[in-house]
Amino acid sequence: MPAAYAVHLDHSRGRRFPEPPHPYRNDFQRDRDRVIHARAFRRLESKTQVFTRRYSDHFRNRLTHTLEVSQVSRTIAGALDLNVDLTEALALVHDIGHPPFGHAGEKALNAAMHEYGLIFDHNLHALRIVEDFEQRYAAFRGLNLTFEVREGIIKHSHDYAAKDHPELAEYLLDQRPPLEAQLIDLTDEIAYNTADLDDGYEAHLLSLEEVREGVPIFERFYNEVAELYPDAADKLKFNETLKRVLNLFVDDLIANTRRRVSQAKIHTLEEVRNHPERLAAFSPAIESERKQNKDFLYENLYYSPSLAGEKEDAERVVKELFTFWMDHPETLPHNYQEKAKQDSLPRVVCDYIAGMTDNFIFEQYEKHCGAG
């Protein structure tokens with residue numbers, strides 16, 4: 001039974017279009033399943049996380065990253081007596097709005113939209129996917145997810161100002177999201193801060209010496225592991241160390257969030273929502289170490305000269321295709337041409353590109369702009 005401050009299913013605000021209850025799945029479990037069966041979810045398999053398949057087929061992609069976030073999130077939600085089903089649904093849907101090419105693709109799409117006074121935001125795009133683009137049901141457009149899942153899509157990682165986003169008024173922008181949603185941004189950080197060290201090391205873009213020198217929390221645990229397993233291969237020592245780093249982040253997030261809830265005398269969901277700040281958080285000491293880890297990744301991996309060429313290619317492909325379809329909207333698929341009659345052309349072109357996989361956008365680029 002979830003704690004009193006968790007989201008309780010019987011207090012859910014429900015779906016936009018009422019549906020009869022399912023005989024053996026609750027509404028948050030059904031939301032989870034609807035996300036898993038969505039076309040946009042399947043496409044995550046072919047969207048870059050950090051590395052393209054030029055490096056290896058066994059590095060994380062956007063889908064496997066999502067599954068790792070889900071696993072960590074379920075564990076933490078269970079330990080905090082939160083609603084595990086809601087947390088799992090939120091974890092599985094949290095990256096569904098990302099475009100191809102990871103953050104390089106998002107940067108390029110946002111820049112293209114800025115030229116028309118608009119923006120691209122992957123959370124806002126995710127809401128459009130589940131509310132409109134996914135078409136699986138005869139009775140309504142979209143997935144008809146519960147309010148709590150839709151709210152979490154919008155609010156898990158960002159606080160939107162009501163004055164800037166009147167279209168989001170129903171999502172209680174003046175209040176904090178439930179703890180289930182607050183967790184997702186932090187579990188996302190745990191997952192990629194550790195996984196990207198792993199993939200960077202496997203790709204030979206990060207050496208063991210660089211990681212030990214640049215990530216103090218890793219060095220601390222590595223010394224412990226080296227004493228326990230002096231004859232183990234370097235990769236196994238690396239794995240054992242990274243496992244301990246991940247466990248520390250998880251343990252600290254559970255303990256510190258529980259402590260903050262207790263200190264704030266939080267007993268109900270309404271008190272969570274009306275608290276002046278988010279309650280889910282790392283302790284100051286671990287937050288500092290998490291930031292050192294993240295800064296190291298930015299300086300030594302994400303902005304690595306070895307990845308710069310791929311990022312430049314990604315941004316060029318997105319920019320040139322965007323320009324092409326703005327100039328030649330008649331070459332868009334028929335359903336997008338129809339959408340352009342009701343919505344602005346830049347938004348329609350953006351929606352089309354954002355839904356693409358890495359492979360498909362390259363095919364479209366070669367078709368319309370020529371190989372480059």
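# A walk through the fold, starting at helix α4

Begin by selecting helix α4, residues 84–93: 9 of its 10 residues are buried, so to speak of it as mostly covered is fair. Keep in mind as you go that this is a predicted model. Colour Asp 85, Leu 86, Thr 87, Glu 88, Ala 89, Leu 90, Ala 91, Leu 92 and Val 93, and you have the buried residues of α4.

What lies over them? The cover includes α1 (27–36), α2 (39–43), α3 (62–79), α6 (122–133), α7 (147–155) and α8. Show those helices one by one around α4.

**Next stop: Arg 32**

Now click on Arg 32, which you'll find in helix α1. Is Arg 32 buried or exposed? With a relative accessible area of 17%, Arg 32 is buried, because the cut-off for buried is under 20%. Show its contacts, skipping neighbours within four places in sequence, and you get Asp 85, Glu 88, Ala 89 and Leu 92. Those four names are on the list of buried residues in α4.

**Into the largest core**

Select Val 149 next. Beyond its neighbours within four places in sequence, Val 149 is in contact with Phe 28, Asp 31, Leu 86, Ala 89, Leu 90 and Val 93. Val 149 belongs to the largest nonpolar core, a group of 82 residues. Ile 76, Val 149 and Leu 197 are the ones with the most contacts inside that core. Now highlight helix α8, residues 179–202: with 10 residues, α8 supplies the largest share of this core.

Apart from that core lies another, of 27 residues. To find it, pick out Phe 101, Leu 109, Phe 120 and Met 326, which are among its members.

**Over to Ile 361**

Jump to helix α17, residues 358–368, and select Ile 361. Its relative accessibility is 0%, so Ile 361 counts as buried. What does Ile 361 touch, not counting residues up to four places away in sequence? Turn on Pro 100, Phe 101, Val 317, Val 318, Leu 321, Ile 353 and Met 356 to see. Then draw a line from Ile 361 to Leu 183: C-alpha to C-alpha, they are 33 Å apart in space, and 178 residues apart in sequence.

**A pair of cysteines**

Select Cys 350 and Cys 369. How many disulfides does a search of the whole structure find? The count is 0. Cys 350 is in no disulfide, and its nearest cysteine sulfur, in Cys 369, is 16 Å away. That 16 Å is too far for a bond, so Cys 369 stays unpaired with Cys 350. Compare their surroundings too: Cys 350 is buried, at a relative accessible area of 0%, whereas Cys 369 counts as partly exposed at 28%.

**Last stop: the empty spaces**

For the second largest pocket, select Arg 39, Arg 43, Phe 133, Asn 335 and Tyr 336, the closest to its centre of the 18 residues that line it. About 510 Å³ of space lies in this pocket. Show α2, α6, α15 (334–339) and α16 (345–354) as well, since each of these elements gives two or more residues to the lining. By class, the lining has 7 nonpolar, 5 polar and 6 charged residues.

Finish with the cavity. A search of the whole structure finds 1 of 30 Å³ or more, and the largest has a volume of about 40 Å³. Its lining is Lys 155, His 158, Asp 159, Tyr 160, Leu 173, Gln 175 and Arg 176. Colour them by class and you'll see 2 nonpolar, 2 polar and 3 charged.

Key
Residues are numbered from 1 along each chain as its sequence is written. This is a predicted model: local features need pLDDT of at least 70, side-chain atom pairs count only at pLDDT 80 or more; totals for chains, interfaces and linings use all residues. Side-chain values use heavy atoms; hydrogens and water are left out. A nonpolar core is a set of buried Ala, Val, Leu, Ile, Met, Phe, Trp, Tyr and Cys residues joined through side-chain atoms within 4.5 Å. Buried means under 20% relative accessible area, exposed over 50%, partly exposed in between (1.4 Å probe, protein chains only). Contact means heavy atoms within 4.5 Å. A disulfide is a pair of cysteine sulfur atoms within 2.5 Å. On a 1 Å grid over the protein atoms alone, a cavity is a set of points where a 1.4 Å probe fits but cannot get out, and a pocket is an open set with protein on both sides within 12 Å along at least five of seven lines; lining residues have an atom within 4 Å of a point. Grid points are joined across faces, edges and corners, and a volume is the space filled by probe spheres set on the points. Ala, Val, Leu, Ile, Met, Phe, Trp, Tyr, Cys and Pro count as nonpolar, Asp, Glu, Lys and Arg as charged, and the others, Gly among them, as polar.
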